[in-house]
Amino acid sequence: MLRWLKPALPTELTIAGRPVPVVATRRAGARTVRLKANAITGRIELSLPGRGGEAAAATLLKSHHGWLEARVSRWPRPLPFRPGAHVPVDGEPVLIDWHPAHPRTPLLGPGRLRVGGPAEALPGRVERWLKARARADMEATTLALAGQIGRRVARVAIADQSSRWGSCAGWNRPEGARIGYSWRLILAPAWVRRAIVAHEVAHLVHPDHSPAFHALNRQLDPRATEARRWLARHGAALHWVGREI
Ligand SMILES: [Zn+2]
């Protein structure tokens with residue numbers, strides 16, 4: 001088979017003046033090609049059938065160029081951790097006040113984060129500091145809210161997941177559940193973060209999204225709906241914080 005004669009799919013396209021990776025995956029059993037402009041991952045995602053589909057995918061990319069331009073032009077901009085940049089912490093802009101002579105351990109003051117050490121280590125240092133802050137904050141809130149309803153939590157984990165803000169596994173295990181959060185919630189206002197914690201803690205009682213679950217979620221934190229709305233509107237931008245491209 002002359003595989004090289006098949007139309008090759010690009011791995012990157014320039015769309016709306018930005019370099020955008022193109023990622024193709026296959027779904028066994030699917031018959032059609034699907035195209036998605038993912039504002040969270042910053043990638044053009046092509047989903048192909050189990051076999052073939054390359055020509056259809058290439059055609060789809062060409063015929064939807066205007067659609068892709070419109071989508072990508074509305075994507076958030078990358079916000080790298082650089083000296084002088086403003087990054088959100090608890091929903092408020094914080095200046096990265098870097099100087100090699102500052103102490104290496106980041107110190108948050110009003111509107112600024114003082115941090116020292118070598119310039120090349122700055123992005124990693126800021127990210128680790130945000131993750132540690134996210135863990136401490138959400139672990140404390142999780143244990144406090146779980147305590148209110150007499151449930152146990154075995155472990156609170158912090159991850160960088162693009163698909164969801166929180167997760168709850170093993171809700172009925174006697175040793176307690178494992179609850180996970182995206183560290184990026186530390187970038188959001190504290191009330192949004194607390195409402196997401198209340199959502200996961202409510203899953204310790206109801207492993208579903210039944211009316212009883214929502215009632216408990218609202219009892220633990222009345223702003224559950226507003227928090228979802230805030231994340232639907234601003235959540236994608238949080239995924240571009242600390243990214244170079
Ligand atoms: Zn849920």
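# Chatting through a zinc-binding model

Trainee: Hi! I've clicked on A16. Where does A16 sit?
Mentor: A16 is in the loop between β1 (12-15) and β2 (18-27). Keep in mind as we go that this is a predicted model.

Trainee: Okay, and what sign does phi have at A16?
Mentor: Phi is positive there, about 50 degrees, although A16 is not a glycine.

Trainee: Is A16 buried, partly exposed or exposed?
Mentor: Partly exposed, because its relative accessibility is 24% and the partly exposed class runs between 20% and 50%.

Trainee: Which other residue that isn't glycine has a positive phi?
Mentor: Try D90, where phi is near 55 degrees. D90 lies in the loop between β5 (86-89) and β6 (92-98). At 26% relative accessibility, D90 counts as partly exposed.

Trainee: Let me zoom out. How many helices and strands are there in the protein?
Mentor: The protein has 6 helices and 11 strands. Its C-alpha trace spans about 65 × 55 × 30 Å along the principal axes.

Trainee: And what share of the residues counts as buried?
Mentor: Of its 245 residues, 40% do. As for the outside, the protein exposes about 13300 Å², and carbon and sulfur atoms supply 54% of that area.

Trainee: What about charges, how many positive and negative side chains are there?
Mentor: There are 38 positive and 18 negative side chains, and the centres of the two sets lie 5 Å apart.

Trainee: Which domains does the assignment give?
Mentor: Domain 1 covers 3-73 and domain 2 covers 122-238. Taken over C-alpha atoms, the centres of the two are 33 Å apart.

Trainee: Now the zinc! Which residues are the protein donors?
Mentor: H199, H203 and H209, each through its NE2 atom, at 2.0 to 2.1 Å from the zinc ion. Their spacing in sequence is H-x3-H-x5-H. H199 lies in helix α4 (residues 190-202), while H209 is in the loop between α4 and α5 (211-220), so this pair ties together parts that are 10 residues apart in sequence.

Trainee: Is H199 buried or exposed?
Mentor: H199 counts as buried, at 9% relative accessibility.

Trainee: And H209, buried or exposed?
Mentor: H209 is exposed, with a relative accessible area of 52%.

Trainee: Switching again: where is S182?
Mentor: S182 is in strand β11, which covers residues 177-182. Its relative accessible area is 0%, so S182 is buried.

Trainee: What does S182 contact, leaving aside neighbours within four places in sequence?
Mentor: S182 is in contact with M138, A159, Q161, R164 and W165.

Trainee: One more, L48. Which strand is it in?
Mentor: L48 belongs to strand β4 (residues 43-49). L48 is buried as well, with a relative accessible area of 3%.

Trainee: What does L48 touch, not counting residues up to four places away?
Mentor: Its contacts include L9, A24, V33, G53 and A57. You can also pick P80, 32 residues from L48 along the chain: the C-alpha atoms of L48 and P80 are separated by 33 Å.

Trainee: Last thing. Counting contacts with a separation of 6 or more, what share comes from residues 24 or more positions apart?
Mentor: Such residues account for 50% of those contacts in the protein.

Terms used. Residues numbered from 1 in each chain as written. Predicted model: local features only at pLDDT ≥ 70, side-chain atom pairs only at ≥ 80, totals over all residues. Heavy atoms only, no water. Helix = DSSP H or I, 4+ residues; strand = E, 2+ residues; numbered from the N terminus. Buried < 20%, exposed > 50% of the residue type's maximum accessible area, 1.4 Å probe, protein only. Contact = heavy atoms within 4.5 Å. Areas by Shrake-Rupley, 256 points an atom, 1.4 Å probe, with all protein chains shown as cover. Lys, Arg positive; Asp, Glu negative; His and termini not counted. Charge placed at Lys NZ, Arg CZ, Asp CG, Glu CD. Domains from an automatic or database assignment. Donors = N, O, S within 2.8 Å, 3.2 Å for Na, K, Ca; no water.
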